[in-house]
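Biologist: Please take a close look at the salt bridges in this model. I would like one connected account, with the surroundings added afterwards.

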Amino acid sequence: MSDIASIRRYDDALFSARDVETGYGDLQVLYGVDIDVQDDEVVLVFGPNGAGKSTLMRALFRQLPLWAGTIRMGQQDFSDLDSNEMVPNGVAYVPQTQNVFPNLTVAENLDIGSIHADRPAERRQELFELFPRLADRQGQDAATLSGGERQMLAMARALMPDPDLLLIDEPSAGLAPKLIERAFEHVDSIRESGTAVLMVEQNVKAALEVTDRAYALDMGENKFEADADTIRDSEKVRDLYLGK
């Protein structure tokens, strides 16, 4: 178990962000944030509302300009890439809202996700095995899906190109309590299939069940980082972020 007092840096990480600063207009939101994700790892970012978590995800996917800092995938510098260059370079993103095309069928949503897929038919079948419910719904419009099914579709569409890293913003948002555990089981299955995951999530207790490491973000800054067991057992974390 690790110490939560420091922010470790991993030199051999699959994906790394260093000293990231960004914001909106004249409003700075992030102040020198560091993030590392290693191969086949699930990493959680948590913190209070307004901490900058969704802003961080948008910056990492290059939807926001970097005011300072760097983003790297292995030895490649992604700091100057546009967001439309991230998917062909191995990074996919599931935003919290507007993450499917509601007027298109499940199959058509996956077709859109297959633009950068090397073997779209085989990949679709792999994802139907990962998300069997979608196979049963492939002819339905996404608008007719339940919240849980829509979240499955959003993840499956992002996974069509078989990315090395999947960014997910609030995978349990809007789901009924009985579906939240299932959402995180899907996150774990994605990791088991060979795709690393970086997720933002408010339901920290549930997310930690499938998390390898976690970062606390507060007021746009890293507060601490540790493995899931250490975070879960920390009185400091419970008092600040989890409740008694």
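What follows is an account of the salt bridges, then of a helix, two surface patches and two backbone angles.

Modeller: The model is a predicted one. The count of salt bridges comes to 21, and three of them are described here in detail.

I begin with the pair R123 and E126, whose side chains meet in a salt bridge with N to O at 2.9 Å. Both residues belong to helix α3, which covers residues 120-130, and because they are three residues apart they are separated by about one helical turn. In general, an α-helix has 3.6 residues a turn, so residues three or four places apart point the same way. The two partners are not equally covered: R123 is buried, at a relative accessible area of 9%, whereas E126 is partly exposed, at 30%. The cut-off for buried is under 20%, so the 9% of R123 falls within it.

A second salt bridge pairs R119 with E122, and here the closest N and O atoms are 3.6 Å apart. R119 is partly exposed, with a relative accessible area of 32%.

The third pair is R213 and E225, with 2.9 Å between the closest N and O atoms. R213 lies in strand β9 (residues 213-218) and E225 in strand β10 (residues 221-227), so this salt bridge ties together parts that are 12 residues apart in sequence. Both R213 and E225 are buried. Returning to the other two pairs, salt bridges with shared partners join R119, E122, R123, E126 and D162 into one network.

Next comes helix α5. This helix runs over residues 147-159, and its 13 residues should span 18 Å at 1.5 Å a residue; the C-alpha atoms at its ends are 18 Å apart, in agreement with that value. Of the 13 residues of α5, 11 are buried, so the helix is largely enclosed by the rest of the structure. Among the buried residues of α5 are charged side chains, E149 and R157, and also M152, L153 and M155.

The surface has a negative patch formed by D11, D12, D39, D40 and D164. One of its members, D11, is located in the segment before β1 (15-24). D11 is exposed, its relative accessible area being 81%. A nonpolar patch is formed on the surface by F101, I112 and I115, which together have about 280 Å² of accessible area. F101 sits in the loop between β6 (91-94) and α2 (106-113), and it is partly exposed, with a relative accessible area of 37%.

Two backbone angles remain. As a rule, most residues other than glycine have a negative phi. R62 is not a glycine, yet it has a positive phi of about 65 degrees. R62 is found in the loop between α1 (53-60) and β4 (68-73), and it is buried, with a relative accessible area of 11%. M219, also not a glycine, has a positive phi of about 55 degrees. M219 lies in the loop between β9 and β10, the two strands that hold R213 and E225. Unlike the buried R213 and E225, M219 is exposed, with a relative accessible area of 64%.

Note on methods. Residues numbered from 1 in each chain as written. Predicted model: local features only at pLDDT ≥ 70, side-chain atom pairs only at ≥ 80, totals over all residues. Heavy atoms only, no water. Patch = residues over 30% accessible without salt bridge, like charges linked within 9 Å, V, L, I, M, F, W, Y side chains within 5 Å. Areas by Shrake-Rupley, 256 points an atom, 1.4 Å probe, with all protein chains shown as cover. Salt bridge = Lys/Arg side-chain N within 4 Å of Asp/Glu carboxyl O. Charge placed at Lys NZ, Arg CZ, Asp CG, Glu CD. Helix = DSSP H or I, 4+ residues; strand = E, 2+ residues; numbered from the N terminus. Buried < 20%, exposed > 50% of the residue type's maximum accessible area, 1.4 Å probe, protein only. Expected span 1.5 Å × (residues − 1).
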